[in-house]
Amino acid sequence: DQPVAYSSACAGLVQAWAAGLEWEELMCETSLDAGDVLRLLSRTLELLRQVLQAPFVPQSVRQGAREALHAMDRAPITDSVFAQVRDEADAALLGEDEDEEEDGDAHPVA
């Protein structure tokens with residue numbers, strides 16, 4: 001067993017962001033610097049992505065992590081340079097085939 005450090009102040013910021021609070025409002029609710037909040041939220045997103053990739057994680061936990069990830073993954077936390085790569089990786093984790101969605105024509109097998 002590993003000890004888990006928990007900060008109710010940080011958890012409150014993460015929860016407020018996930019609930020849809022705008023960046024300017026979030027920054028008014030804390031004495032932390034913007035860079036520290038950005039790092040906190042970015043690290044939380046990374047943790048959620050790791051939960052999606054971890055073996056033996058119950059489906060209910062994966063679903064919760066996926067929902068939290070989608071709620072939190074927005075500007076200014078989202079880095080548009082990596083957004084497409086991240087979306088493709090998420091699709092692969094979910095077993096979605098983007099080629100099937102883009103190509104509506106069926107190709108017969110010879």
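Which residues line the largest pocket? Hold that thought while you get your bearings; keep in mind that what you have open is a predicted model.

**Stop 1: the whole chain**

Colour by secondary structure. You should find 6 helices and 0 strands, so to speak a run of α-α-α-α-α-α from the N terminus on. Now switch to colouring by accessibility: of the 110 residues in the chain, 23% count as buried. If you like contact maps, look away from the diagonal too. Taking contacts between residues at least 6 apart in sequence, 47% join residues at least 24 apart.

**Stop 2: the largest pocket**

Back to the opening question. Select Cys10, Ala11, Val14, Leu40, Arg43, Thr44, Glu46, Leu47 and Gln50, and you have the lining of the largest pocket. Helix H1 (8–18) and helix H3 (34–53) are the elements that give two or more residues to this lining. The largest share comes from H3, with 6 residues. Show the space itself and you are looking at about 180 Å³. Then colour the lining by class: 5 residues are nonpolar, 2 are polar and 2 are charged.

**Stop 3: Thr44**

Stay on the lining and centre on Thr44, which is found in helix H3. Is Thr44 buried or exposed? Thr44 has a relative accessibility of 17%, and because the cut-off for buried is under 20%, Thr44 counts as buried. Now bring up its neighbours, skipping residues up to four places away in sequence: Thr44 touches Val14 and Met72. Val14 is one of the pocket-lining residues you selected a moment ago. Met72 takes you to the next stop, as one of the H4 residues that meet H3.

**Stop 4: H3 against H4**

Keep H3 on screen and add helix H4, residues 59–72. How far apart are the axes of H3 and H4? Draw them in: the axes are 9 Å apart, and the two helices pack at an angle of about 150°. H3 passes H4 in a left-handed crossing.

For the contact itself, make two selections:

- On H3, pick Leu41, Thr44, Leu45, Leu48, Arg49, Val51, Leu52 and Gln53.
- On H4, pick Val61, Arg62, Ala65, Arg66, Ala68, Leu69 and Met72.

Show both sets as sticks and colour them by class. The residues of this contact divide into 10 nonpolar, 2 polar and 3 charged.

Before you close the viewer, go back to Thr44. Thr44 is listed in the lining of the largest pocket, and Thr44 is also among the H3 residues that meet H4.

Notes
Residues are numbered from 1 along each chain as its sequence is written. This is a predicted model: local features need pLDDT of at least 70, side-chain atom pairs count only at pLDDT 80 or more; totals for chains, interfaces and linings use all residues. Side-chain values use heavy atoms; hydrogens and water are left out. On a 1 Å grid over the protein atoms alone, a cavity is a set of points where a 1.4 Å probe fits but cannot get out, and a pocket is an open set with protein on both sides within 12 Å along at least five of seven lines; lining residues have an atom within 4 Å of a point. Grid points are joined across faces, edges and corners, and a volume is the space filled by probe spheres set on the points. Helices (H or I, at least four residues) and strands (E, at least two) are DSSP runs, numbered from the N terminus. Ala, Val, Leu, Ile, Met, Phe, Trp, Tyr, Cys and Pro count as nonpolar, Asp, Glu, Lys and Arg as charged, and the others, Gly among them, as polar. Axes are lines fitted to C-alpha atoms, for helices over the stretch in contact, and angles run from 0 to 180 degrees between N-to-C directions. A crossing is left-handed if the near helix is turned anticlockwise from the far one by less than a right angle, and right-handed if clockwise. Contact means heavy atoms within 4.5 Å. Buried means under 20% relative accessible area, exposed over 50%, partly exposed in between (1.4 Å probe, protein chains only).
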